[in-house]
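Work through these exercises with the structure open beside you. Try each task before you read its solution.

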Amino acid sequence: MSLSISKVLTMSPSDETVSVSGWVRTRRSSKNVSFVALNDGSTIRNLQLVIDIDKGYEGMNEETIAKITTGASLIASGKLVASQGSGQAVELLCEKISVEGVADPEEYPLQPKKHSLEFLREIGHLRFRTNVFGAILRVRHAMTFAIHKFFNDRGFFNIHSPIITGSDCEGAGEMFRVTTLPEKDPPQLDDGKIDYSKDFFGKATNLTVSGQLEAELAAMALGKVYTFGPTFRAENSNTSRHLAEFWMIEPEVAFADLKDNMDLAEEFLKYLIGYALENCVDDMEFLSKRYAEEEKLKPQAEREEMTLLEKLEFVRNNGFERITYTQAIDILMNCTPNKKKKFQYPVDRWGIDLQSEHERYLVEKHFKKPVIVTDYPRENKAFYMRVNPDGKTVAAMDILVPGVGEIIGGSQREERFEILKERAAEFKIPEESIWWYLDIRKYGSVVHSGFGLGFERLLMFITGMGNVRDVSPFPRTPKSAEF
C-alpha cells in the first residue's frame, strides 16, 4: 500500500523501496529526466518525483511520460534520496511508475496558475485539488476533531438531535418543508389549507434550524451535552455570510448561569484556535500568506490591521472584555464614527440591533480585544432566553471577534414555566408545537445555559476566507444545489 506524502516527507533517505500515489500538480522535463510534483491531499506540500528514462525502469518511457500531465493520477515507487533542489528535504527517485488516470491538458480546467475563487466555485467537483481548498478541508477536519475532543475531555455527551422537526426553534419561519404529499392536488382541509394529517408524520414538518431545544431535554438528565450537526434555513440570501445548509455546535449545560456560559464559550473558542495553530501549521502558514495577498488588493482604508495569524493569536491570548448591551450602545452612540455619520447603520437609540460594523468597532477600535456583549433587549432575542429582573432585557451573550463581529451567540435559558409560556406566545409559537419543551420546565427544572457556534463562521475566521461558500465542501445557496 502507498504511504501518504505527508508521512514520506518526514522520512530520511533510505535504500528501502517507497510507494506513493496521487495527482500530478506539475511536470517539467530536462533531456531524458522529468520532475513531477505529486500531491495526494494529505498535506499542502508536494513530493518531487525524479523520472530518468535512461534508467530503463518499468513504465518509464516516452509514451508514459507524455501521459503525466497536470491532473493525471499515478502510482510510483522507488528510493528516497536527498533532494538536490530547494523546498524539500527528500525526493523520490522512481524505479516504477504507473499512470492510473489521464487528464487531457486541453480540457483540464485546473492548470498550474492562479484561479479566482469565483471560477473555482463553478467547478466545485475539482476545486478540492487546489492548494487553497485542500488546506481549508484539512483545517475543517482538524476543527471537527478538536470540537469533539474539547467536549469529550470535559465530560460532555454528544447528542444527535433530529434533522426533521415539527418545531421552529428561532420562531423565524424560514424553514424547509419536509413532506411526502403529492405535488399535484395534495389533500386539503375544508378551508383549503393542506391536510398534513395525511402526511408521513401526520403533521407539518421541516428541516431543523437548530438542535438546541432537543439538547436542552438531554441536559436535564445528562448534565452536560452538545450537538454538532447540519441545520437549515430557507433564507433567500446571497450574501458572503449565509448558507441554506450549515453546521452548528450547540452545547447545553445544566446548573450553569450566564457567567458559566461565557466562561465555557471563551475557553472553547481559544482552544479551537490553539488547536488549528498547533496542528495545522503548513496549512495555516499558506492561508496566512494568501490572506495577506488578498488584503493588499483592498483599498487602504478597508485593510485589516492584523495578519491572519496575528488576529488568531490576538483572540487566543487576550481575556475577553465583558460589557452589557446598554454599555455597548452608550459607547457606540458617543463614538467618533457615529457622530460623523461614518456608520452605514447609525446608532441613534437603545433597542436597535447591533450590526457587524458596530461589533467590529467595539472589538477592533474601542477595546482592542475580543468582546462579550450581554443582556440584550428582549424584543431582539429568541423566546427561550431568560428574562432579566428588569423585564426589558434577557440573559443573552454574543462573542465578538476582529474581522467578523459575532461568532458565538448564547444565553441562559428560561427555566420558569409560566414566563417561557408567555414568551412563546409573544413570538406566536403554537404551544402544541413545543409542549414537550414547556413540559420539561415542570419537572425538576434548573438554571441552565448554552450557546451556538456556526461551524462555517468559525472556519471563515480561522482560515481568513471572505466567503462562506469557500469553507463548505458543497455549499447550498439560493438557486444552487449542483451536487
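**Exercise 1.** Which residue with a positive phi follows α12?

*Solution.* The model is predicted, so local features need pLDDT of at least 70, side-chain atom pairs count only at pLDDT 80 or more, and totals for chains, interfaces and linings use all residues. Residues are numbered from 1 along each chain as its sequence is written, and side-chain values use heavy atoms, with hydrogens and water left out. Now find the end of α12; helices are DSSP runs (H or I, at least four residues), strands likewise (E, at least two), numbered from the N terminus. Lys-428 follows α12, and its phi is positive, near 60°.

**Exercise 2.** Find the buried residues of α12 and say why they lie on the same side.

*Solution.* Step 1: apply the cut-offs. Buried means under 20% relative accessible area, exposed over 50%, partly exposed in between (1.4 Å probe, protein chains only). In α12 (residues 417-426), Leu-420, Arg-423 and Ala-424 are buried.
Step 2: check the directions. These residues cover an arc of only 100° around the axis, which puts them on the same side of α12. The arc is taken from the directions from the helix axis to the C-beta atoms.
Step 3: recall the rule. An α-helix has 3.6 residues a turn, so residues three or four places apart point the same way.
Step 4: look for neighbours. The buried residues of α12 pack against β14 (393-401) and α13 (435-439), where contact means heavy atoms within 4.5 Å.

**Exercise 3.** Describe how β16 is covered and paired.

*Solution.* Step 1: β16 spans residues 448-454, and seven of its seven residues are buried.
Step 2: His-448, Gly-450, Gly-452 and Gly-454 point one way, while Ser-449, Phe-451 and Leu-453 point the other way.
Step 3: β16 pairs with β11 (residues 245-254) in the antiparallel sense over five bridges; pairing needs at least two DSSP bridges. Glu-252 has Gly-450 as its bridge partner.
Step 4: β15 (residues 405-412) also runs antiparallel to β16, joined by five bridges. Here Ile-408 stands opposite Leu-453.

**Exercise 4.** Which glutamates does Arg-413 bind through salt bridges?

*Solution.* Step 1: use the test. A salt bridge is a side-chain nitrogen of Lys or Arg within 4 Å of a carboxyl oxygen of Asp or Glu.
Step 2: Arg-413 bridges to Glu-216, with the closest N and O atoms 3.9 Å apart. Arg-413 lies in the loop between β15 and α12 and Glu-216 in α5 (residues 212-222), so the pair ties together parts 197 residues apart in sequence.
Step 3: Arg-413 also bridges to Glu-252, at 2.5 Å between the closest N and O atoms. Glu-252 sits in β11, 161 residues apart from Arg-413.
Step 4: check burial. Arg-413 counts as buried at 2% relative accessibility, and Glu-252 at 0%.
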